[in-house]
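Reader: Please show me the structure, and let me ask how its terms are justified.

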Amino acid sequence: QLQASGGGLVQVGGSLRLSCTASRRTFSNNAMGWFRQPPGKEREFVAGISWNGGNIKYLDSVKGRFTISRDRAKDTTFLQMNNLKPEDAAVYYCAADRNPMVLSPRPAYWGQGTLVTVSS
């Protein structure tokens with residue numbers, strides 16, 4: 001139901017844009033966002049956005065570098081990642097929640113992951 005794409009290999013300081021597109025059902029009225037799981041570590045919240053884009057949250061370490069946005073008409077959520085660092089390397093997962101305003105720590109819906117590799 002959620003399809004993530006846009007991962008890849010990028011050098012330190014580079015940029016990537018992840019996309020998460022809904023299929024078979026709409027998530028335009030749900031909070032959505034991104035989590036990531038670095039190698040050997042637990043999954044962590046990265047960014048979340050409310051149904052109307054009015055409430056946005058970020059992991060402290062990505063503030064000022066990552067931007068989450070959404071296009072409700074296309075039922076797609078984006079994560080623009082700039083100035084990537086080695087510690088950003090992870091499998092990134094998009095997620096949606098039943099709550100329209102806030103992405104909970106354990107969202108109800110998950111997409112498959114997309115791998116981001118940052119080379120130094």
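Author: In this predicted model, an open sheet of six strands has the order β2-β10-β9-β4-β5-β6, and its pairing is mixed. The edge strands are β2 (8–11) and β6, each of which pairs on one side only. On average, neighbouring strands of this sheet are turned by 25 degrees against each other, direction ignored; axes are lines fitted to C-alpha atoms, and angles run from 0 to 180 degrees between N-to-C directions.

Author: As the model is predicted, local features need pLDDT of at least 70, side-chain atom pairs count only at pLDDT 80 or more, and totals for chains, interfaces and linings use all residues. Residues are numbered from 1 along each chain as its sequence is written, and side-chain values use heavy atoms, without hydrogens and water.

Reader: What makes residues 32–37 and residues 44–49 count as paired strands?

Author: A strand is a DSSP run of E with at least two residues, numbered from the N terminus, and two strands pair if DSSP finds at least two bridges between them. β4 (residues 32–37) and β5 (residues 44–49) have five bridges in the antiparallel sense, so the pairing definition is met. R36 stands opposite E44 in β5.

Reader: How do you know that β5 and β6 pair?

Author: Three bridges join β5 antiparallel to β6 (residues 56–58), and the definition asks for at least two, so they pair. G48 has K57 in β6 as its bridge partner.

Reader: What lies between β5 and β6 in their hairpin?

Author: Six residues lie between them, and G53 in the turn has a positive phi of about 80 degrees.

Key. Helix = DSSP H or I, 4+ residues; strand = E, 2+ residues; numbered from the N terminus.
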